[in-house]
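Open the model in your viewer and keep the sequence beside it. The tour below says what to select at each stop and what is there.

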Amino acid sequence: MAQHFLLSAKFRDFSWQGLYDLTEEEAYQEFCAIRFAENDGHAFCPHCGCCDAYALKTRRVFKCGACKKQFSATSKTIFADRKLPFKKLLIAIALFAMPSCGLNTVDFSADLNVQYKTAFVLAQKLREFMRKHNEGLELGGAVAVDGSQWGGFIRPKNVRKEPTDHFKVPYTNPKREKYAVAIREKRQNGKVKVFIGHEQKIGPQVVYATIYGGTEVHTDAGAWWNDFEVEYDHHVINHRTQFTSPEACTNTVESFFAHMEKIQQEYGAIAKQQFEGFVFEGAWRLNHAKATRNERFRGLVAAVAMSGESRMRGYWGRY
Ligand SMILES: [Zn+2]
């Protein structure tokens, strides 16, 4: 039997020791090498794209030969205006990139030795990038689609005076509910793309907007997928009678929601306002389940470097 990927030597290609041994200057060079990888590690201007830039000697700042603007290695990235040293930044990205089911903020802040809110903002910024990763994903081949409702649960009263209590007060509040719709390729380790909305009907809408007509689409027997047979090669699995059948199977996409359950356990509770970020994080982590440790780390640094500024730029003044 083939060895499990996570136990193979190929997976162990990243060393924490190597990262901790870096000096701040080496960490800066490493960051620049990944940040400017498109130009063989040489700085290029994020304002006009000109490759003719030179480093100022006094500070870690470059000046563009064409537009004369100054920029740093983190300009126009989610780390613009960062205060953390580069070494800590690399360690933070590595810490966040490795776990397959997320890293809770208390551990993140303790491991990094920064305040809780610093770690929180850092994690939110990385999730923001994961959202962009999700938006840019292109799917191919047969897909499975499923949706899931989250939140909105109202706790029943502690003392149940009447047995019909929950008929008078519904257990969920529709205004607080959110829906996540996931589309996943049906091949092995297929990519998953997720969408968030307030109503169940966003499901068909996002599928029409994302998947070409004529594609093989597998869903459960939910009524909102009914019209798919007009546009797609629609395969339906009725979960009342079967989990899977030779004709239709949605297990690939359901494993994404199982993955989200694990992520929720790692974080304890997911606040409503941050729900989107966690779903995008779940998708990124599942899409990188078969990436080596070094690929996760370098991939996240590189992607972060090209991500554009964060909407949380300058939040709390330090991060
Ligand atoms: Zn320029």
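## Two helices that cross

Select helix 2 and helix 3, which are oblique to each other. This is a predicted model. Helix 2 covers residues 24-35 and helix 3 covers residues 86-97; their axes come within 7 Å and cross at roughly 60°. An angle under 35 degrees would count as roughly parallel and one from 65 to 115 as roughly perpendicular.

Now show the side chains where the two helices meet. On helix 2, pick Glu-24, Ala-27, Tyr-28, Glu-30 and Phe-31; on helix 3, pick Phe-86, Lys-87, Leu-89 and Leu-90. By class, this contact holds six nonpolar residues, three charged ones and no polar ones.

## The whole chain

Zoom out. The protein has 319 residues, of which 29% are buried. Colour by secondary structure and there are 11 helices and eight strands to find. Among contacts with a separation of 6 or more, 57% are between residues 24 or more positions apart.

## The three-stranded sheet

Select strands 1, 2 and 3. They form an open sheet in the order 1-2-3, with antiparallel pairing. Which strands stand at the edges? Strand 1 (53-55) and strand 3 (70-71) do; each has a single partner strand, so one side of each has no neighbour in the sheet.

Look closer at strand 1 and strand 2 (residues 62-64). Three bridges join this antiparallel pair. To see one pair of facing residues, select Ala-55, which stands opposite Phe-62 in strand 2.

## The five-stranded sheet

Next, select strands 4 to 8. This open sheet has five strands in the order 6-5-4-7-8, and its pairing is mixed. Strand 6 (192-197) and strand 8 (233-237) are at the edges, each with a single partner strand, so each has one side without a neighbour in the sheet. From one strand to the next, the twist averages 25°.

A general point helps with reading any sheet. Strands pair through backbone hydrogen bonds, in either a parallel or an antiparallel way.

Strand 4 is a good place to compare the two kinds of pairing.

- With strand 5, strand 4 runs antiparallel, and eight bridges join them. Select Val-145 and its bridge partner in strand 5, Ile-183.
- With strand 7 (residues 216-220), strand 4 (residues 143-150) pairs in the parallel sense over two bridges. Select Val-143 and its bridge partner in strand 7, Val-217. Then select Ala-144, which stands opposite His-218 in strand 7.

## Helices against the sheet

Add helix 9 (residues 251-267) to the view. Helix 9 lies across strand 4, strand 5 (178-185) and strand 6, and runs at about 30° to strand 4.

Now add helix 10, residues 275-287. Its 13 residues reach 19 Å from first C-alpha to last, close to the 18 Å expected at 1.5 Å a residue. Is helix 10 largely enclosed by the rest of the structure or largely open? It is largely enclosed, because 11 of its 13 residues are buried. A residue counts as buried if 20 or more other C-beta atoms lie within 10 Å of its own. The buried residues of helix 10 include Phe-278, Phe-280, Trp-284 and Leu-286, and also Glu-281 and Arg-285. What do the buried residues of helix 10 pack against? Their partners are helix 5, strand 5, strand 6 and helix 9.

## Three asparagines in loops

The last stops are single residues.

Select Asn-104, in the loop between helix 3 and helix 4 (105-112). Asn-104 is partly exposed, with 17 other C-beta atoms within 10 Å. Leaving aside neighbours within four places in sequence, Asn-104 is in contact with Glu-266, Tyr-267 and Gly-268. For a distance to check, go from Asn-104 to Phe-120: they are 16 residues apart in sequence and 9.2 Å apart in space, C-alpha to C-alpha.

Move to Asn-113, in the loop between helix 4 and helix 5 (116-136). Asn-113 is exposed, with 10 other C-beta atoms within 10 Å. Its phi is near 55°, a positive value in a residue other than glycine.

Finish at Asn-189, in the loop between strand 5 and strand 6. Asn-189 counts as exposed, having 11 C-beta neighbours inside 10 Å. Phi of Asn-189 is near 55°, a positive value in a residue other than glycine.

How values were computed. Residues are numbered from 1 along each chain as its sequence is written. This is a predicted model: local features need pLDDT of at least 70, side-chain atom pairs count only at pLDDT 80 or more; totals for chains, interfaces and linings use all residues. Axes are lines fitted to C-alpha atoms, for helices over the stretch in contact, and angles run from 0 to 180 degrees between N-to-C directions. Helices (H or I, at least four residues) and strands (E, at least two) are DSSP runs, numbered from the N terminus. Angles under 35 degrees count as roughly parallel, over 145 as roughly antiparallel, 65 to 115 as roughly perpendicular and the rest as oblique. Two residues are in contact if their C-beta atoms, placed from the backbone, lie within 7 Å. Ala, Val, Leu, Ile, Met, Phe, Trp, Tyr, Cys and Pro count as nonpolar, Asp, Glu, Lys and Arg as charged, and the others, Gly among them, as polar. Two strands pair if DSSP finds at least two bridges between them. A residue is buried if 20 or more other C-beta atoms lie within 10 Å of its own, exposed if 12 or fewer, and partly exposed in between; C-beta atoms are placed from the backbone. The expected span of a helix is 1.5 Å times one less than its number of residues.
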